[in-house]
Amino acid sequence: MKITDVEVIQFRTRKRGRGAGSRWGYGVWKGADGVESTISMIRISTDEGVRGHFPGGDKRKVEGYFKGLLVGENPLNSEKIWHWMDQSCTRSHGLGEHETGQIDCALWDLKGQIAGVPVYQLLGGTREKVEAYASTAPNLGGPEDYAALARSCVERGYNAFKVHANIFWNPHTRQAAPQLPGFPREDVEICRAVREAVGDDITLMLDPFGVYTLEESLWVARELEELDFYWLEHPMVETRVEAYRKLTEQTQIAICSPEHVGGGPFARAEWLLQRACDMVRTDVNYGGITGCWKLINVCQLYGAQCELHYVGAPHLHLEAAAPQATCRYYERGLLRAEIDYEWVPPHLTALADPMDDEGFVHVSQEPGLGIAWDWDYIEANRVD
């Protein structure tokens, strides 16, 4: 079997709303469901008619560079291709880890189609459902707003809840702000209100997204220890590895990082070696399914947790392939009160991460990644 084509398909659709951007970052999160958008999808075709797909892809980079790299290759040799792409990124060419990760995911979808089994079973398979946590959008308001959202999420079935509080945002002026300084005391007040709202049996986490100094991170960590939070994620700018090492050494709460450091599994293995975190954080934008799986296995060997960042079928398959002790949770969000997360966009026929009433997300049993594309809709809304 040979790869015959690698292309990026673009089509119009409607998707969940996002907030208005700002020069500082996050901005205001008030968009509604059904926002019109044009999105992309990578398609890898073979000479036997089997195709793999994954959302995303820069058309110029994918068709201008990666197509020449992949056409003629056996798609089952994804390890070989992964190393080629990793070398291409590290040697520049204007390429990024995001595109290589997306292509790797499309190759795994293709391999699942060829084998006729879901990706998590190709990786080994340990479970068919993964416990989810509700992950909030940032900048939702004051403590009472987060407390109300937490109560509604528990009523929905979630047993774990993660706070994104004031990120690139001044809670006093209600305006966008630079990354630093943050607002640690206001963030802790939100965390305290959430704990009081949901009681002692719900697992809680905080992700400040790098808005604290080391001293502020130490203070917040100790406050969260009193509130029995499970982890503190990405509290400082992640280029400060020594600061993370000091934070991890001096606190009891688990420090979960790095989230957005380049270098895929190689950089994150170094963070473990330097003891700059207790839990490792990654996603398929930093190495694809192949890179994440390498890191998950390193974490398992060292007895560390590898918690995957954000939503998506690849993350669910990776978690379903891994032991719960290594990958415990699936992140579901970003949630806010006015958004119906169960809403299915028109280019899909079902959600990739359906959750039951007990807070578990069930992995697809369809071949490949099992993303339920509505091909009639996509073809009718293609953008040339």
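**Helix packing and cavities in a predicted model**

Helix H9 and helix H10, which covers residues 288–302, pack with their axes 9 Å apart and at an angle of about 20°. Keep in mind that this is a predicted model. Angles under 35 degrees count as roughly parallel, so H9 and H10 are roughly parallel to each other. As for handedness, H9 passes H10 in a right-handed crossing.

Now a second pair. Helix H1, residues 59–70, packs with H3 at an angle of about 55°, and their axes are 12 Å apart. How do H1 and H3 lie to each other? They are oblique, therefore, by that angle. The crossing of H1 and H3 is right-handed.

Next, the empty space inside. How many cavities of 30 Å³ or more does a search of the whole structure find? The search finds two.

I will take the largest cavity to begin with. The space in it comes to about 80 Å³. It is lined by 13 residues, and those closest to its centre are Trp82, Asp86, Glu97, Thr100 and Gly287. Three elements each give two or more residues to this lining: helix H2 (78–90), helix H3 (97–115) and helix H9 (264–273). You have met H3 and H9 already, H3 in the pair with H1 and H9 in the pair with H10. Which helix gives the most to the lining of the largest cavity? That is H2, with four residues. If we sort the lining of the largest cavity by class, we get six nonpolar residues, five polar ones and two charged ones.

On to the second largest cavity. Its volume is about 30 Å³. If you want to find it in the structure, look for the residues that line it: Ala313, Leu316, His317, Ala352, Ser364, Leu369, Gly370 and Ile371. By class, the lining of the second largest cavity has five nonpolar residues, three polar residues and no charged ones.

That list leads to one more helix. Helix H11 spans residues 313–321, and among its buried residues are Ala313, Leu316 and His317, which also line the second largest cavity. Is H11 mostly covered or mostly open, and how many of its residues are buried? It is mostly covered, with nine of its nine residues buried. Besides the three just named, the buried residues of H11 include Pro314, His315, Leu318, Glu319, Ala320 and Ala321.

To recap: H9 and H10 are roughly parallel, H1 and H3 are oblique, and the search finds two cavities of 30 Å³ or more.

How values were computed: Residues numbered from 1 in each chain as written. Predicted model: local features only at pLDDT ≥ 70, side-chain atom pairs only at ≥ 80, totals over all residues. Heavy atoms only, no water. 1 Å grid on protein atoms, 1.4 Å probe; cavity = no way out; pocket = protein on both sides within 12 Å on 5 of 7 lines; lining within 4 Å. Points joined across faces, edges and corners; volume = space filled by probe spheres on them. Nonpolar A, V, L, I, M, F, W, Y, C, P; charged D, E, K, R; others polar. Buried < 20%, exposed > 50% of the residue type's maximum accessible area, 1.4 Å probe, protein only. Axes fitted to C-alpha atoms, helices over the stretch in contact; angles between N-to-C directions. Parallel < 35°, antiparallel > 145°, perpendicular 65-115°, else oblique. Left-handed = near helix turned anticlockwise from the far one by under 90°.
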